[in-house]
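Visitor: Please take me through one part of this protein in close-up. I would like to look at its largest cavity and the strands around it.

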Amino acid sequence: MRASLLFLPLFVGSNLALDCQVIDGRLKQIDVSNGQVFGVNSEDSIFTRYGNNWVQLPGALKHVTVGPAGVWGVNKNNLIYKLVGGGWEQVQGQLKQIDAGGNQFVAGVNMLDNIYCLNRDPTVTTLGGAASIPWNLLPGALKYYSCGPYSCWGVNAADQIYVMKGVTPDACMGSKAWQQVPGALSMIEVSTNGRVYGVNSAGNVYRRDGVSIDNPAGTDWTDLAMCVKSKHVSYDLGVLWVISKEDNILACR
């Protein structure tokens, strides 16, 4: 309740309607980057988009991510996989959510909301099956974590929003000092170009404005006034991909 009281005054009076197209299929989670689209459905089946069609990939994941660090995912047992040569190779560790949107590094959170990231060199060179992966443990606790080219954003169990500045490919932990950002979101995503979008517990979608390399925390939020209640978003190449609470897929501009 306290988070809602903090959230509502912030977003009132700033909204923007998008033009959305319904895409065939149903997904529970989606991730897009560099023109690639990946997603998973309620049965943990994995799909990627080629032209106007969905192509199913082998395997089963509950969360998939694509970005400069490649294509990664986690399954129902929180095991981590990387797409290598057209097949999934297991990577040491356990996460419940993973993000490949950093500058060739990956990050994510585990079942206890502990936050981890993997610097560029081990991210790029690992082909799976390694006995030991040098995951870095960040301070704090988050239920969802997403990185872009120069900052990472996350939300905790109370839907509070935090940003980590000073992130680089070889120092994915950044400054190790969290800055809380006003508002409340249940999930948040940073695009490959650094734009930030999120969804709150009521299913409303928001965009963070004023985000730049000089001001990673941005300035304010804009309500994107969706025609559906949403649960997941991802942005790439001018298109905001939205998953509704009913698992419908929308591409919005």
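**The largest cavity and its strands**

Guide: Strand β2 gives the largest share of the lining of the largest cavity, 3 residues. Keep in mind that this is a predicted model. The chain averages a pLDDT of 92, and 92% of the residues score at least 70. Residues 1-13 have a pLDDT below 50. Where pLDDT is low, the predicted coordinates should not be read in detail.

Now the cavity itself. A search of the whole structure finds 1 cavity of 30 Å³ or more. The largest cavity holds about 60 Å³ of space. Its lining is made by 13 residues. V32, V66, G101, V190 and T192 lie nearest the centre. Two or more lining residues come from each of β2, β6 (63-67), β18 (187-190) and β22 (230-236). Sorted by class, the lining has 4 nonpolar, 6 polar and 3 charged residues.

Next, follow β2 away from the cavity. This strand belongs to an open sheet of 4 strands, in the order β2-β3-β4-β5. The pairing is antiparallel. Strands of a sheet pair through backbone hydrogen bonds. β2 (29-33) and β5 (53-60) are the edge strands, each with a single partner strand, so one side of each has no neighbour in the sheet. Neighbouring strands of this sheet are turned by 25° against each other on average, direction ignored.

Finish at the other edge. β4 (residues 45-50) pairs with β5 in the antiparallel sense over 6 bridges. There, I46 has L57 of β5 as its bridge partner.

Notes: Residues are numbered from 1 along each chain as its sequence is written. This is a predicted model: local features need pLDDT of at least 70, side-chain atom pairs count only at pLDDT 80 or more; totals for chains, interfaces and linings use all residues. Side-chain values use heavy atoms; hydrogens and water are left out. pLDDT is the predictor's confidence in each residue, from 0 to 100. Contact means heavy atoms within 4.5 Å. Two strands pair if DSSP finds at least two bridges between them. Axes are lines fitted to C-alpha atoms, for helices over the stretch in contact, and angles run from 0 to 180 degrees between N-to-C directions. On a 1 Å grid over the protein atoms alone, a cavity is a set of points where a 1.4 Å probe fits but cannot get out, and a pocket is an open set with protein on both sides within 12 Å along at least five of seven lines; lining residues have an atom within 4 Å of a point. Grid points are joined across faces, edges and corners, and a volume is the space filled by probe spheres set on the points. Ala, Val, Leu, Ile, Met, Phe, Trp, Tyr, Cys and Pro count as nonpolar, Asp, Glu, Lys and Arg as charged, and the others, Gly among them, as polar.
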